[in-house]
Amino acid sequence: MASDYSGPGVEAELTGVIGGGEAGYDTLYTARASSTGGRSGRVRTDDGLLDLEMRAPEQLGGPGGASNPEQLMAAAYAACFHSSLTLVAGQEGVDTTGASVDTTVELRKRGRRDDYVIGVDVTVHLPEVEPRLAGHIAERAHEHCPYSRALLGNVDVGLHLA
């Protein structure tokens, strides 16, 4: 049975609920990844399509020169949000030609203790859309995006129009 959520180019099949899933939701897709060595190691997906060396960035005292968790989160969130943007814009008959989504993920620390949090900024570019309508579409995408919903109440997320 095809789902009613299929971002551009996605044909999802329902695969059933996995234990621990949110009540009432059917699982459409499950991604699996494994980390060895944390910020100084490697991440791999079970299908091998993603296989990256990880290094702490220079700003955190690491050597840099490889990916880090914040970059991966920024890329994943940008792609997911853009799919939601395209979906809600399409529902309202709004053309998203030339649209893009930029994300910034910050690792933040309070005081000297190990008190870390993530902060995120999402910037939506809808160059062919009137600003008021673009803001409405961006807000709806933010309400719809599974990543935005997962972060709600846990992460400071700023939404901006370019």
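Visitor: At about what angle to E4 does helix H1 (residues 69-91) run?
Guide: This is a predicted model, in which local features need pLDDT of at least 70, side-chain atom pairs count only at pLDDT 80 or more, and totals for chains, interfaces and linings use all residues. Residues are numbered from 1 along each chain as its sequence is written, and side-chain values use heavy atoms, with hydrogens and water left out. Axes are lines fitted to C-alpha atoms, for helices over the stretch in contact, and angles run from 0 to 180 degrees between N-to-C directions. Helix H1 lies across E4, E5 and E6, and its angle to E4 is about 145°.

Visitor: Across which strands does helix H2 (residues 131-144) lie?
Guide: Helices (H or I, at least four residues) and strands (E, at least two) are DSSP runs, numbered from the N terminus. Contact means heavy atoms within 4.5 Å. Helix H2 runs at about 155° to E6. The strands it lies across are E5 and E6.

Visitor: In what order do the elements of the chain run?
Guide: The chain has three helices and six strands. Read from the N terminus, the order is β-β-β-α-β-β-α-α-β.

Visitor: Which strands form the edges of the sheet E4-E5-E6?
Guide: The sheet is open, with three strands in mixed pairing. An edge strand here pairs on one side only, and two strands pair if DSSP finds at least two bridges between them. Neighbouring strands of the sheet are turned by 15° against each other on average, direction ignored. The edge strands are E4 (100-109) and E6 (156-161).

Visitor: Which residue in E5 stands opposite serine 100?
Guide: Strands of a sheet pair through backbone hydrogen bonds, either parallel or antiparallel. E4 and strand E5 (residues 116-125) pair in the antiparallel sense, over ten bridges. Opposite serine 100 stands histidine 125.

Visitor: How do the rings of tyrosine 77 and phenylalanine 81 pair: stacked or edge-to-face?
Guide: Rings of Phe, Tyr and Trp (its six-membered ring) pair if their centres lie within 6.5 Å; planes under 30 degrees apart count as stacked, over 60 as edge-to-face and the rest as tilted. By this rule there are two aromatic pairs. Between tyrosine 77 and phenylalanine 81 the centres are 6.3 Å apart and the planes stand at 65°, and the pair is edge-to-face.

Visitor: How many residues apart are tyrosine 77 and phenylalanine 81 in helix H1?
Guide: Both tyrosine 77 and phenylalanine 81 are buried. They are separated by about one helical turn of H1, because their spacing is four residues.

Visitor: Why does the pair of tyrosine 77 and tyrosine 147 count as stacked?
Guide: The two ring centres are 6.1 Å apart. The pair is stacked because the planes stand at 25°.

Visitor: Which residues form the aromatic cluster?
Guide: Buried means under 20% relative accessible area, exposed over 50%, partly exposed in between (1.4 Å probe, protein chains only). Tyrosine 77 is buried at 0%, whereas tyrosine 147 is partly exposed at 37%. The cluster consists of Tyr77, Phe81 and Tyr147.

Visitor: How many residues apart in sequence are the parts that arginine 39 and glutamate 70 tie together?
Guide: A salt bridge is a side-chain nitrogen of Lys or Arg within 4 Å of a carboxyl oxygen of Asp or Glu, and the count by this rule is nine. Arginine 39 and glutamate 70 form one, with the closest N and O atoms 2.5 Å apart. Arginine 39 lies in the loop between strand E1 (33-36) and strand E2 (42-45) and glutamate 70 in helix H1, so the parts tied together have a sequence separation of 31 residues.

Visitor: Is glutamate 70 buried or exposed?
Guide: Its partner arginine 39 is partly exposed at 28% relative accessibility. Glutamate 70 has 11% and counts as buried.

Visitor: Which strands hold arginine 108 and aspartate 156?
Guide: The side chains of arginine 108 and aspartate 156 meet in a salt bridge at 3.5 Å, N to O. The pair ties together parts that are 48 residues apart in sequence, because arginine 108 and aspartate 156 lie in strands E4 and E6.

Visitor: Which residues are linked in a network of salt bridges?
Guide: Arginine 44 and aspartate 51 form a salt bridge at 3.4 Å, N to O. Arginine 44 is partly exposed at 39%, and aspartate 51 is partly exposed at 36%. The network links Arg42, Arg44 and Asp51.

Visitor: What share of the 162 residues in the chain is buried?
Guide: Among contacts with a separation of 6 or more, residues 24 or more positions apart account for 47%. The buried share of the 162 residues is 30%.
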